[in-house]
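Biologist: Mind walking me through this one at an easy pace? I'll ask, you reason it out.

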Amino acid sequence: MSNLSDPIYGGIEAGGTKFVCAVGRAPDGVLEEARFATRGPEETLAEALSFLRAAHSKYGLAAIGIATFGPAVVDPVSPDWGCIGKTPKAGWSGTDLAGPFVRAFAVPVGFDTDVNGAGLAEARWGAAQGTAQSVYVTVGTGIGGGIIVNGQPLHGLQHPELGHIRVVRPEGERAPGICSFHGDCLEGLASGPAIKARWGAELGELPPDHPAWRAEADYLGQLCAQLVLTVSPQRIVLGGGVMSHPALFTPIRAATRARLGAYVPALEQSGAMEALIVPPAFGARAGMLGALALASDRALSMAASKSSAGP
Ligand code: ZN
C-alpha cells in the first residue's frame, strides 16, 4: 500500500491513559513507534516532542497528525483550535495540545479526535474501505464515535459525541448510570466501567447467559439503530475493549434490527446486518494510524489551498 517515494508523516494518538507516537506512511509502512503513559500535560507533551524531533531530523516529516481524547476544539477557525476541552482528566482541561507541535515544526499539523482519526483509518484502509459514509465507535473506558463522510471526519458545532445519547433501559432495569454529566446516557450504562459498576464484574468474567450480555447488546443495538436512522452509514465499525468479545456482534445486530423493525429496506436483504456492523480491521492500532491519516490529509489540504491561491 505504501510507496518508498511517499512522504513520511508523524502521528500522535493522545489517549487518556497512554500516548502512542508513530512515524510512517500507511498501515504497512510504520517505521517507528513509541508508547508511554499519559501523565501531566507538560511532561507528556515534552516526551512526544522529543520523539518527533528525533524522527524529523532522521526522516524529514512532511506533516504531523494528532488524534486526541476529547472533548477537543477541532474547528480550524476557532482561536482555541488544537486545545482539549473541559475534561475530568486532571490537569488537561484547556491544554493546548497542537500548539507546541505547530511551534516546534515548520510543517502542517492535523488535529482531530481519536475516534475521528480511527474512523478515518478504518475508512481509508480498513473495515469501512469503499464506503461513502461510515461510523467508528469505541466501547471501552468511555464510549465515543467518529463519523466519516466522503473520506472526511464530520465536524460542525464541534464533533459528534455518540457516547452520550439517551438510551432506554431493558425492562426491569433501574440501576443508575455513571456518566458524571448525564447519569444514564449510553456511556453511563454501557461503557466498561458502567458494566463493572452495575454487575460487579467485567463482561468477560460473566457467563454467556448472564443478563449483562443481553443488556449490553441491547444498548449498543439502540446506538446502531439511531445511527442508521440519522447518519445512514454503510458501515458501523465497533471497536474498543468491550467489543473485543466477538460474541457481542450477533446479539447487537439482532437488537439493531429489532429496534428498526423492517423499516430500512436495504437492511432486509440477507447478509446486510453482517455487512453493516463489523469489528475493526486495525484494533488498537486504529488511533495511531488515524493520526498518520490526519497528517497526510492536512498536508494535502495545505498544498491544495496554496496552489489555489496562485503563485
Ligand atoms: Zn453522558
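**Zinc first, then the sheets**

Biologist: What spacing do the donors of the zinc ion follow along the chain?

Modeller: Donors here are N, O and S atoms within 2.8 Å of the metal (3.2 Å for Na, K and Ca), and water is not among the atoms, so sites may look incomplete. Read along the chain, the donors of the zinc ion follow H-x14-C-x2-H-x2-C.

Biologist: Before we go on, what sort of model is this?

Modeller: Residues count from 1 along each chain as its sequence is written, and side-chain values use heavy atoms, leaving out hydrogens and water. Local features need pLDDT of at least 70 and side-chain atom pairs count only at pLDDT 80 or more, while totals for chains, interfaces and linings use all residues, since the model is predicted.

Biologist: Fair enough. Which residues are the protein donors of the zinc ion?

Modeller: The protein donors lie 2.0 to 2.4 Å from the zinc ion. Both histidines come in through ND1 and both cysteines through SG. By name, they are His164, Cys179, His182 and Cys185.

Biologist: And what geometry does the site of the zinc ion have?

Modeller: Four donors pass as tetrahedral if all angles lie between 85 and 135 degrees. The ideal for that arrangement is 109.5 degrees. In this site the angles among the four donor atoms are 103 to 121 degrees, so by the cut-off the site is tetrahedral.

Biologist: Is Cys185 buried or exposed?

Modeller: Buried means under 20% relative accessible area, exposed over 50%, and partly exposed is in between (1.4 Å probe, protein chains only). His182 sits at 37%, so it is partly exposed. Cys185 comes out at 1% relative accessibility, so it counts as buried.

Biologist: On to the sheets. In what order do β3, β2, β1, β4 and β5 lie in their open sheet?

Modeller: Strands (E, at least two residues) and helices (H or I, at least four) are DSSP runs, numbered from the N terminus, and two strands pair if DSSP finds at least two bridges between them. This sheet is mixed in its pairing, with β3 (30-37) and β5 at the edges, each pairing on one side only. Neighbouring strands are turned by 15 degrees against each other on average, direction ignored. The order is β3-β2-β1-β4-β5.

Biologist: Which residue of β5 is the bridge partner of Thr68?

Modeller: β4 (residues 64-68) runs parallel to β5, joined by five bridges. One of the facing pairs puts Gly65 opposite Gly110. For Thr68 the bridge partner in β5 is Thr113.

Biologist: Which residue stands opposite Thr68 in the pairing of Ala14 or Ile12 with β4?

Modeller: β1 (residues 9-14) and β4 also pair in the parallel sense, over five bridges. Ile12 stands opposite Ile66. The residue opposite Thr68 is Ala14.

Biologist: Which residues of β4 point the other way from Ile64, Ile66 and Thr68?

Modeller: In a regular strand the side chains alternate between the two faces of the sheet. β4 is mostly covered, with five of its five residues buried. Ile64, Ile66 and Thr68 point one way; the other way point Gly65 and Ala67.

Biologist: Which strands does α3 touch as it packs on the sheet made of β3-β2-β1-β4-β5?

Modeller: Contact means heavy atoms within 4.5 Å, and directions come from lines fitted to C-alpha atoms (for helices over the stretch in contact), with angles from 0 to 180 degrees between N-to-C directions. α3 (residues 114-125) makes about 105 degrees with β5. The strands it touches are β4 and β5.

Biologist: Now the other open sheet: which strands stand at the edges?

Modeller: Its order is β8-β7-β6-β9-β10, with mixed pairing. Two strands, 152-153 and 277-278, each have a single partner, so one side of each is left without a neighbour in the sheet. Those edge strands are β8 and β10.

Biologist: What is phi of Asn150, roughly?

Modeller: Asn150 is found in the loop between β7 and β8. Its relative accessibility is 61%, so Asn150 counts as exposed. For a residue other than glycine, phi has a positive value, near 45 degrees.

Biologist: Last one: which residues does Glu173 touch, not counting those up to four places away in sequence?

Modeller: Glu173 is in the loop between β8 and α4 (186-190). Its relative accessible area is 15%, so Glu173 is buried. The residues touched are Arg198, Trp199 and Tyr219.

Note on methods
Four donors count as tetrahedral if all angles lie between 85 and 135 degrees; four count as square planar and six as octahedral if opposite donors are over 155 degrees apart and all others between 65 and 115; anything else is irregular.
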